[in-house]
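This report describes selected features of one protein model. The reader is invited to examine the sequence and the structure before continuing.

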Amino acid sequence: MKFPYEALSYYWGTDPPRHAIWIRDSSAEARREIRDFQSAAQYFAKSKRFYIRSNLHAALTQFREHNRDVYLWIDALCIDQSQEEEKNHQVSMMSRIYSKAEHVLIWLGAGDTKSDRRWVVQELALASDVTVHYNDKTIHWRDFADAVAVFDARFDDIERHLKTLRQTSAERDFVGDIEGYGAKHLINVTNNVFRRSVDLGRPHRREGDHRTRLLSHEALMAMLLRFEASDPRDTVYALFSIAKPKASYYSGKTASQDLCPIDLLKPDYNKSIVEVFRDFVHYCVETSGSIDIICRHWAPTGMKSTATVNLISKQNTRPKRIVKMPSWVALLKKASFGDPEDGLNGRVNANSLVGDPDQKVYNACGGKLADYSFTNIDMGADTEILLESEITAVNPRLLGTPNPKESSLAAGAVNAFFINVEGFQIDTIHQVSGRIADGLLLRECLVMGGLAEPYTLDPKGIVPDKLWRTLVAGKDPNGKNPPSWYHRACLQCLAQSTVAGDINTSTLIGRPWTPSLVVEFLRRVQSVVWQRIFIESSVRRFFGLAPNEARVGDMICILYGCSVPVILREIKDRSTQEILHYELIGESYIYGLMDGEAVEDFLPPEGSKSFKLG
């Protein structure tokens, strides 16, 4: 750029673009052509009318100056969103655009505007100077970040104070859980995504221009679950310029060393949503040797891309194929705090058992690397690929039907994308408990864990090992072995069970007289069991936890490269009963099988087999 400019970071919104603006050539050459009224009229006649959404219109209104020109780089205006090739090129330049900007303006809106936008992470991390704007109020990013950090550090004190206030008022519990707040994770990432240094050999460069990327694409994805993108493909592409590139984990080990992993993530808006998601999973497996990504919930639930409506429109005559989302693309709605809009309402699901990418908590596969391949059905080079959920996300009138699910487009959705992984079955589910709704441990669940029926405490005060260890998934919140006092905390919870013999974890946590160590234990229990079910296997009577979608007859399996056991379901041809592929139901905790024991003791005589996951 030949002149200083500022860059705008904002939430696009989903409302129709109704506000008209005029775009004209403001170069010095064009202005010199204005000599009289007629030439001025011709100059303005060349202006192009362009429609923008409400949030951008509010931002432009707020930042305009009456006595000087304001130079803003705005993605919606500076990138032709209808041209996929231009988007590919411009997105690859985003790191330069935001790092070279004199200033970045984060626009939160002029009212009740959503602001958990994934692109803001890159824009913040690359910027040299940032201010946050809400209506006509402004705060520097450093001050905002410090305020969030203090709020995080004193969250327990704030929560206790607000609970005291609520006891004397009708105020609702609006604090929720700090882990559900996007701001906390945003501060953490932007503070750690780069190592900044000064290039002493080039003192004319601004401090911080030399950056070393520290976090992998997979790690960033796990840290930024609270941040959405208008186009689901940008869930992946928005992190491209700030993620640390990684080489193949298999270099020198297998033939796959010929693959350059980073090529899988280069922005390409000609790809469908499901192809971009497949490439991200492929990248994660190839660069880590692990398939834990198939258990870690990351993919957005809303599946309408910016191109969806055009693809479905009657004017688009290209052949279309409707496919199902593969079960090995784990949807964000099943994450601890669900979709971003659910975050402030508190916990929605249990924590992921596979943990963060850089911290392996378990080793169920005995350290074996993923042995995998990706396949898909041949759909033709010119075929447009749409997800079933894309069809149901658009306005029904665009499909010419009152119900998009009844559209001929949505009919006949198929499983088209597969990952083939090596592993073996260790048993089949024989018994399942009811769903552990909101952390309520029913008596029946406790009995499955080894308590007598009607259960009474052991005279020696001993809780069955498989029960209390399963309740905490055999670990403390930091992934370490649980402290010995967890057993005693569990004992105290049993002593305070309801008349029906249930343990209401939320009620016990909320009582002011509950000891702090018991509260700590119960919070760990909630993070493990929330919305899961207890299971027992048919032959070896293994006991553990599984997703609430699991059912009797599902398979308990070890997959090479996966740190935890998984639950698989056979998908058969209705007429021949031939197994077509397997559906991944999700991860599981199986007591006694989390550290490679299954590989050592229960590998079938015929060895491992390949599972085709669809």
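Two strands are said to pair if DSSP finds at least two bridges between them. The model discussed here is predicted.

**The sheet and its helices**

Strands of a sheet pair through backbone hydrogen bonds, either parallel or antiparallel. In this model, five strands form an open sheet in the order β4-β1-β5-β6-β7, and the pairing is mixed. The edges are occupied by β4 (72–73) and β7 (137–140); each has a single partner strand, so one side of each is left without a neighbour in the sheet. Strand β1 (residues 6–10) is joined to β4 by 2 bridges, and these two strands run parallel. Within this pair, E6 stands opposite L72 in β4.

Helix α3 (residues 54–63) packs on the sheet, where it touches β1, β4, β5 (103–109) and β6 (130–134). The direction of α3 makes about 125 degrees with that of β5. A further helix, α8 (residues 141–153), lies across β5, β6 and β7 and runs at about 80 degrees to β7.

Helix α5 (residues 84–92) also has contacts with this region. Its buried residues are E84, K87, N88, Q90 and V91. These buried residues pack against the edge strand β4, and also against α6 (94–100), α7 (119–126) and α12 (234–237).

**Salt bridges**

How many salt bridges does the structure hold? The number is 15. The table lists three of the pairs with the distance between their closest N and O atoms.

| Pair | N to O distance |
|---|---|
| D292 and K360 | 2.7 Å |
| E587 and R532 | 3.1 Å |
| R541 and E536 | 3.5 Å |

D292 forms its salt bridge with K360. D292 lies in the loop between α13 (273–288) and α14 (308–312), and K360 lies in the loop between β10 (320–323) and β11 (372–376), so the pair ties together parts that are 68 residues apart in sequence. D292 is buried, with a relative accessible area of 0%, whereas K360 is partly exposed at 44%.

The side chains of E587 and R532 also meet in a salt bridge. E587 belongs to strand β20 (residues 579–587) and R532 to strand β16 (residues 532–537), so this pair ties together parts that are 55 residues apart in sequence. E587 counts as buried at 5% relative accessibility, and R532 counts as buried at 8%.

In the salt bridge between R541 and E536, R541 is partly exposed, with a relative accessible area of 43%. E536, at 14% relative accessibility, counts as buried. Elsewhere, K271, R278 and D279 are linked in a network of salt bridges.

**Cysteines**

The structure holds 0 disulfides. Why is there no bond between C562 and C295? A disulfide requires two cysteine sulfur atoms within 2.5 Å. The closest cysteine sulfur to that of C562 belongs to C295 and lies 4.0 Å away, which is too far for a bond. C562 is buried, with a relative accessible area of 0%. C78, by contrast, is partly exposed, with a relative accessible area of 31%.

Notes
Residues numbered from 1 in each chain as written. Predicted model: local features only at pLDDT ≥ 70, side-chain atom pairs only at ≥ 80, totals over all residues. Heavy atoms only, no water. Buried < 20%, exposed > 50% of the residue type's maximum accessible area, 1.4 Å probe, protein only. Helix = DSSP H or I, 4+ residues; strand = E, 2+ residues; numbered from the N terminus. Contact = heavy atoms within 4.5 Å. Axes fitted to C-alpha atoms, helices over the stretch in contact; angles between N-to-C directions. Salt bridge = Lys/Arg side-chain N within 4 Å of Asp/Glu carboxyl O.
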